[in-house]
Amino acid sequence: MKKAKNGKWNKYLTAGVIMTGLALFLGVLGFFWTPYSTTAMSAAEKFAPPSLRHPFGTDNFGRDIFSRVMQGMGTSILISTLVVFFSGAAGILLGALTGYFGGLVDEVVMRITDALNGFPSILLTLVIISLLGTGMQNVIISLGLVFVPSFVRIVRSEFIRLRDADYIRRARMMGVGNFRILFIHILPNIFSVFWVSVMIGFNNAILAESGMSYLGIGVQPPDASLGKMLSDAQGYLQTAPWYALAPGLTIVWVVLGFSLFSEGIRRR
């Protein structure tokens, strides 16, 4: 278990590590192995309730829900990882340049981010998807573009705060180049703040991907998706409540795990 700054056990970080660790393990495992095929249908096992054979029951096509939840969780985590990686990398680059140098570059980039932030995120995502089309690749591109402004603002504010720090002034006086100052002297000192933003970004990406798939504009069949499973299950809430319960609780588990993880890091 992890201890916080005050010497007490960091229960948030401990719970977050356990919950996210289990989600990551099952999600990654779902890409290589599942108890049953995620596409195999069985008319004889339609809407089978949870049992030892099918822990989460089966759906309206007789497919094993636990296997599809594993694959769907892996899909959500993969998409979220790629979205946060690309948007975070772009945010670091743009935020570092604008926050450190300022001037015209800062004005141009910040006006663009202000314009993007002026649109509701879901609306901007829908516009991009309408231009690119549906599918996993386009979901990653659309969400990545939507998430960039938030990372830019966080990184920019930290670089503005640190660019005139005493140790940075001394580095300039010693002739250290701007590139080294940006990425060797300043960047490592913003990771504590940036890492929390990454965890929040994971949460937002998972929820956004699930929402898009629920609306039918995200991950497309035959690939499993937690959001699409929720959408398919809404017509069977009374006859087969486990159909919606499994993907719904999985989304809650993953989001709560990342939330506790980020809170635990903040309290360290």
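This passage looks at confidence, aromatic pairs, buried residues and a nonpolar surface patch in a predicted model.

Residues are numbered from 1 along each chain as its sequence is written, and side-chain values use heavy atoms, with hydrogens and water left out. Because the model is predicted, local features need pLDDT of at least 70 and side-chain atom pairs count only at pLDDT 80 or more, while totals for chains, interfaces and linings use all residues. The pLDDT, the predictor's confidence in each residue from 0 to 100, has a mean of 88 over the protein, and 97% of the residues reach 70 or more. Among the elements, helix α2 has the highest mean pLDDT (93) and helix α4, residues 121–132, the lowest (82). Helices here are DSSP runs (H or I, at least four residues), numbered from the N terminus.

Eight aromatic pairs are found in the structure. Rings of Phe, Tyr and Trp (its six-membered ring) pair if their centres lie within 6.5 Å; planes under 30 degrees apart count as stacked, over 60 as edge-to-face and the rest as tilted. One of the pairs, F56 with F66, is edge-to-face, at 5.1 Å centre to centre and 90° between the planes. This pair joins the loop between α1 and α2, home of F56, to F66 in helix α2, 10 residues apart. F66 counts as buried, with 18% relative accessibility, whereas F56 is partly exposed at 29% (buried means under 20% relative accessible area, exposed over 50%, partly exposed in between; 1.4 Å probe, protein chains only). The pair of F151 and F194 is tilted, because the ring centres are 5.5 Å apart and the planes stand at 50°. F151 belongs to helix α5 and F194 to helix α8, 43 residues apart, and both F151 and F194 are buried. Ring pairs also link F47, Y236 and Y243 into a cluster.

Y243 turns up again around R63, in the loop between α1 (11–32) and α2 (65–101). R63 is buried because its relative accessibility is 11%. Beyond residues up to four places away in sequence, R63 contacts (heavy atoms within 4.5 Å) T38, T39, A40, M41, G57, T58, R68 and Y243.

Helix α9 (residues 226–233) also has buried residues: L226, G227, M229, S231 and A233. Their cover includes α2, α8 (191–214) and α10 (241–266).

In helix α8, we also meet Y214, which is partly exposed at 34% relative accessibility.

Key. Helix = DSSP H or I, 4+ residues; strand = E, 2+ residues; numbered from the N terminus.
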